[in-house]
Structures are given as structure tokens and as C-alpha cells.
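Colleague: I've got a model open on my screen and I'd like a close look at one part of it, the charged side chains and how they pair up. Walk me through that slowly, and then put it in the setting of the rest of the fold.

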Amino acid sequence: MKIKLTSVYVDDQEKALRFYTEVLGLTKKADFSNGPYRWLTVASAEEPDGTQLQLALNNNPAAQAYQQAIFQQGQPAVMFYTDDVKGDYERIKGRGAEFTMPPTAVTGSTIAQLKDTCGNLVQLTQLMRY
């Protein structure tokens, strides 16, 4: 088995697309509509054929409640791994992102957290190398 797709709920797909591509540096993978439904995914520029992240509209009450609850708890909706969290922090901050936690050493890794402008916290993680 392979993981090819995961989703994050967003309150505005166009705003999410801008954030995840222009601020984080991911690449738009799929974008098509069927009536009011829009299928929108992004992928890593480093692994364009790797796992896709669906930017799913939170247009049902259950999705909206879930998104708001995990945000209020300070729990990241999505986590990205990097080899240079401090460099990514500086690059992404320079593009106007609002960080809620600068790079911080925790057990086994260094993490940073930021708001995605669409109702979620995003965590950047750099694992310790022994």
C-alpha cells in the first residue's frame, strides 16, 4: 500500500492555493470543477509525483467544526518535513507568513508552526540526525 493523497480543510480554496504555492512553495497538481465542487491538490516541488495534499473546502458543518476545533486546540492540521527548518522559516516568513512558533527544539526534532490563512496551523519539522 502507498499513501497518495491526504486532505486538509480550508475555508477558501483560492486563498489556500496562493498560500500553499506562493508562500510554502508547493506546486499545483490538479484543479478541476464539476458544478460547485472543486478538486484542488498540491504536491511537493521536490517530489511532484509524490503524495498530493487536497485543499478541500470546509463547506459542510462537520468539516468546519473539525477544522475550527483543532485550530483552537493549537493542533497542526498538516505537517511538512524539511532538512532546514530555520532556512525555511526565514524564507516563508519573508513571504509574509504569520508564525505562531519560531523554530523550537523539542524531543527528536526542531519544529515551527504557522497559520495558513485558511483556518489551519501548519507545522514544519526537521528531524534530528544522529
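Modeller: What follows starts with the salt bridges, then moves to the fold around them and to a few residues for contrast.

Bear in mind that this is a predicted model, not an experimental one. As background, side chains of opposite charge can pair when their charged atoms come close. A search of the whole structure turns up six salt bridges, and I'll take three of those pairs one by one.

Start with lysine 28 and aspartate 31. Their side chains meet in a salt bridge, with 3.6 Å from N to O. That is within the 4 Å allowed for such a pair, so the two count as bridged. Neither partner is buried: lysine 28 is partly exposed, at 44% relative accessible area, and aspartate 31 is partly exposed too, at 32%. This pair also belongs to something wider, since Glu14, Lys28, Asp31 and Arg38 are linked in a network of salt bridges. If you're clicking through the side chains, show those four together.

Now go to lysine 29, which forms a salt bridge with aspartate 49, the closest N and O atoms being 3.1 Å apart. Lysine 29 lies in strand β2 (residues 27–34), while aspartate 49 is in the loop between β3 (37–43) and β4, so this pair ties together parts that are 20 residues apart in sequence. The two ends fall into separate accessibility classes: lysine 29 is partly exposed at 37%, whereas aspartate 49 is exposed at 64%. The cut-off for exposed is over 50% relative accessible area, which is why aspartate 49 gets that label and lysine 29 doesn't.

The third pair stays inside one element. Aspartate 88 and arginine 91 form a salt bridge, with 3.2 Å between the closest N and O atoms. Both sit in helix α3 (residues 85–94), three residues apart, or about one turn of the helix. Aspartate 88 has 18% relative accessibility and counts as buried, because the limit for that is under 20%. Its partner arginine 91, at 31%, is partly exposed.

So much for the charges; here's the fold that carries them. The protein chain has three helices and eight strands, and from the N terminus on they run β-α-β-β-β-α-β-α-β-β-β. The radius of gyration is 15 Å, close to the 14 Å the globule rule gives for 130 residues, so the chain is as compact as a globular protein of that length. The C-alpha trace spans about 50 × 35 × 35 Å along its principal axes. Of contacts between residues at least 6 apart in sequence, 54% join residues at least 24 apart. Buried residues account for 36% of the 130.

For a buried residue to set against those charged ones, try leucine 55 in strand β4 (residues 52–57). It is buried, at 0% relative accessibility. Its C-alpha atom is 7.0 Å from that of alanine 16, although the two are 39 residues apart along the chain. Beyond its sequence neighbours, leucine 55 is in contact with several residues, including Val8, Val10, Leu17, Leu40 and Val42.

Polar side chains can be tucked away here as well. Asparagine 120, in the loop between β7 (109–115) and β8 (121–127), is buried at 3% relative accessible area. Its side chain makes a polar contact of 2.9 Å with that of aspartate 116 and another, of 3.3 Å, with that of glutamine 67. Val8 and Val10, already met beside leucine 55, are among the residues in contact with asparagine 120 as well.

Finally, the outside. The chain exposes about 7,900 Å², with carbon and sulfur atoms supplying 51% of it. One nonpolar surface patch, of about 310 Å², is made by Met79, Tyr81 and Leu127. Tyrosine 81 lies in strand β5 (residues 78–81) and is exposed at 57%.

Note on methods
Residues numbered from 1 in each chain as written. Predicted model: local features only at pLDDT ≥ 70, side-chain atom pairs only at ≥ 80, totals over all residues. Heavy atoms only, no water. Patch = residues over 30% accessible without salt bridge, like charges linked within 9 Å, V, L, I, M, F, W, Y side chains within 5 Å. Areas by Shrake-Rupley, 256 points an atom, 1.4 Å probe, with all protein chains shown as cover. Helix = DSSP H or I, 4+ residues; strand = E, 2+ residues; numbered from the N terminus. Buried < 20%, exposed > 50% of the residue type's maximum accessible area, 1.4 Å probe, protein only. Polar contact = N/O pair within 3.5 Å; in protein donor to acceptor, adjacent residues only side chain to side chain. Contact = heavy atoms within 4.5 Å. Rg over C-alpha atoms; globule rule 2.2 N^0.38 Å. Lists of a residue's contacts leave out its neighbours within four places in sequence.
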